[in-house]
Structures are given as structure tokens and as C-alpha cells.
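Welcome, and take a moment to look over the chain before reading on. We will go from the overall fold to the core, and then to a pair of cysteines.

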Amino acid sequence: MAHSFTQEYLQIPAVTRAYTTACVVTTAAVQLELITPFQLYFNPDLIIKRYQIWRLVTNFLFFGPLGFSFMFNMIFLYRYCRMLEEGSFRGRTADFVFMFLFGGVLMTLFGLFANLFFLGQAFTIMLVYIWSRRNPYVRMNFFGLLNFQAPFLPWVLMGFSLLLGNSIVIDLLGIGVGHMYFFLEDIFPNQPGGRKLLMTPGVLRALFDTPEEDPAYSPLPEDQAGESWQGARDEEEHHQDQDERRDHHHEPQDPDAHHR
């Protein structure tokens with residue numbers, strides 16, 4: 001069973017696996033009182049004056065104590081992060097990481113002017129929004145109560161948050177950042193006079209993407225010599241086989257065979 005779990009875990013795409021694992025581990029550490037939320041929340045003063053740089057990341061990793069809200073967020077985070085990575089970002093890990101950085105930076109800038117302590121939920125809504133816009137014809141069912149098409153999902157989640165008495169500022173932030181990415185990446189480049197503005201840095205491609213084989217690559221001289229020797233050997237063996245077949249075909253027959 002442990003081997004099966006490990007195998008299933010390793011089959012999760014790399015970025016989705018890393019992010020969801022970091023969220024679960026962070027929440028577990030808080031639950032075990034190894035750390036406190038006060039060490040994780042977004043605080044520009046502590047980041048700038050006391051150089052607590054980790055807060056730029058940890059505020060995206062904590063979704064509250066274990067409970068319904070945490071499980072709800074983890075399910076949506078894992079599901080839509082994985083579907084994006086295995087769908088429209090399949091084979092484009094660097095672009096996926098760049099989308100993470102784009103969303104994180106914009107949300108952090110917004111957090112400088114708003115009183116927001118944790119941005120993980122907004123980040124989840126951003127992922128849901130981008131997936132929903134790229135899959136507009138998928139039919140959704142929300143807890144068996146509502147049937148709608150995918151582009152309405154972020155708004156349904158925002159309404160659900162409102163019913164639970166939560167602030168919708170986080171949801172609106174996620175929708176806004178998600179729409180900015182979707183517009184710059186999918187809509188604007190296809191407009192008359194439009195062009196691609198979001199360019200994934202080369203350093204991310206070098207780190208995360210498998211390098212493409214250079215069509216102009218030529219093997220080293222020793223490799224070429226080895227290939228030539230192997231080719232000559234194969235050709236010699238082929239000629240030997242042909243000679244053996246020819247000798248067998250022309251082998252003299254026993255003259256008394258017809259009388260028998």
C-alpha cells in the first residue's frame with residue numbers, strides 16, 4: 001500500500017506536487033505548533049525592515065487550520081492546478097512556473113495596499129479562473145445543486161464564500177489577476193495589432209524545460225568513426241549471408257536422386 005501511494009504521489013506533475021505538498025506541510029507544522037501563523041503572514045514592514053523574505057512565499061502556503069475550509073481549498077487547488085499542468089501547460093513547465101510568478105507578484109503588489117495577510121485562496125481562484133476560461137464548454141456541477149458551464153465557476157465559488165460569511169476581496173483579487181493573465185496570454189496576442197507580452201525568461205526554460213535536440217548537431221569524430229565501423233561491419237555480414245544463400249542455391253544435386 002505504501003509503495004502504491006508513493007507511486008501515485010510521484011505521478012503527480014512536478015509543480016502541482018511541490019505546491020500542494022508545501023501547503024499541506026505548512027498547515028501540518030502550524031497544527032503541530034512547530035510554527036505559528038504569525039511567522040507566515042504577509043507583512044511588508046517585517047519583509048523590508050527585518051528582511052523576513054520568506055513571508056513573500058509562506059503567505060501563499062497557509063490556508064488556515066485543519067477543517068472544512070482547508071480541505072475545500074486543497075481539493076480545488078490540487079484539482080485545477082493539476083488539470084492546468086497536464087492540460088494547456090503540458091510539456092511547458094517553465095511557462096507554468098512563470099504563470100505562478102506572474103500571479104504571485106501581482107497579488108503581492110496588491111497586498112501592499114490592502115490589509116491582506118494570506119493570499120493562498122486568491123491564488124487558487126486564479127488557477128480556477130484560468131482553467132475555466134480555457135475550457136469554456138465544460139459542464140460543471142456544484143455539490144449537485146447547480147449546473148453551469150466552466151467560466152461561471154469562479155463566480156460560483158465567490159458566491160459560496162459570501163454565503164459562508166467570508167470576505168470576497170480575496171476571490172475578486174484572484175479573478176482579477178487570473179483575467180489579466182488570460183487576457184495578456186490568450187486574448188491580446190490574437191487581436192489585430194496585438195502581440196505576446198508575457199515572455200517566459202530563458203533561465204526558467206533552462207531550469208524546467210527539457211532542451212530540444214539541435215537539428216544542426218553533428219556527432220564527434222569518434223562517434224562518426226564508430227558509426228562508420230558499425231555500418232561497414234553490418235554491410236559485410238549482409239554480403240556474407242547473401243554469398244551463403246547463393247552457394248546453397250547452386251549446390252550440386254545427387255544424380256541418382258531422380259531414379260529413387
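A good place to start is with how the chain meets itself: among contacts with a separation of 6 or more, 62% join residues 24 or more positions apart. Keep in mind as you look around that this is a predicted model.

Now trace the chain from its beginning. The protein chain holds eleven helices and two strands. Read from the N terminus, the order is α-α-α-α-α-α-α-β-β-α-α-α-α, with the two β elements following seven α elements. Of the 260 residues, 35% are buried. The accessible surface amounts to about 17,100 Å², and carbon and sulfur atoms account for 61% of that surface.

Let us turn to the inside. The largest nonpolar core contains 52 residues, and Tyr19, Met99, Phe100, Met107 and Leu127 have the most contacts inside it. Several elements each give two or more residues to this core: helices H2 (14–31), H5 (68–86), H6 (93–113), H7 (120–134), H8 (153–163) and H9 (169–187), together with strand S1 (139–142). Helix H7 provides the largest share, nine residues.

To get a feel for this core, pick out Met107. Which residues is Met107 in contact with, once its neighbours within four places in sequence are left aside? They are Phe60, Leu119, Ala122, Phe123, Met126, Leu173, Gly174 and Val177.

The UniProt record adds another way to read the chain. Its unreviewed entry annotates residues 56–78, 98–131 and 152–182 as "transmembrane region". In the model, residues 98–131 are 82% helix and 0% strand, and the C-alpha atoms at the two ends of this span are 16 Å apart. For residues 152–182 the figures are 81% helix and 0% strand, with end C-alpha atoms 15 Å apart.

Finally, consider the cysteines. How many disulfides does the count come to? The count is zero. Cys23, for instance, takes part in no disulfide, and the nearest cysteine sulfur belongs to Cys81. Why is there no bond between Cys81 and Cys23? The sulfur of Cys81 lies 9.1 Å from that of Cys23, its closest cysteine sulfur, and this is too far for a bond, because a disulfide needs the two sulfur atoms within 2.5 Å. Both residues are hidden from the surface: Cys23 is buried at a relative accessible area of 0%, and Cys81 also counts as buried, at 0% relative accessibility.

Key. Residues are numbered from 1 along each chain as its sequence is written. This is a predicted model: local features need pLDDT of at least 70, side-chain atom pairs count only at pLDDT 80 or more; totals for chains, interfaces and linings use all residues. Side-chain values use heavy atoms; hydrogens and water are left out. A nonpolar core is a set of buried Ala, Val, Leu, Ile, Met, Phe, Trp, Tyr and Cys residues joined through side-chain atoms within 4.5 Å. Buried means under 20% relative accessible area, exposed over 50%, partly exposed in between (1.4 Å probe, protein chains only). Helices (H or I, at least four residues) and strands (E, at least two) are DSSP runs, numbered from the N terminus. Contact means heavy atoms within 4.5 Å. Accessible areas come from the Shrake-Rupley method with a 1.4 Å probe; for residues, only the protein chains shown count as cover. UniProt positions are given in the numbering used here, feature names are shortened, and annotations may be inferred rather than shown by experiment.
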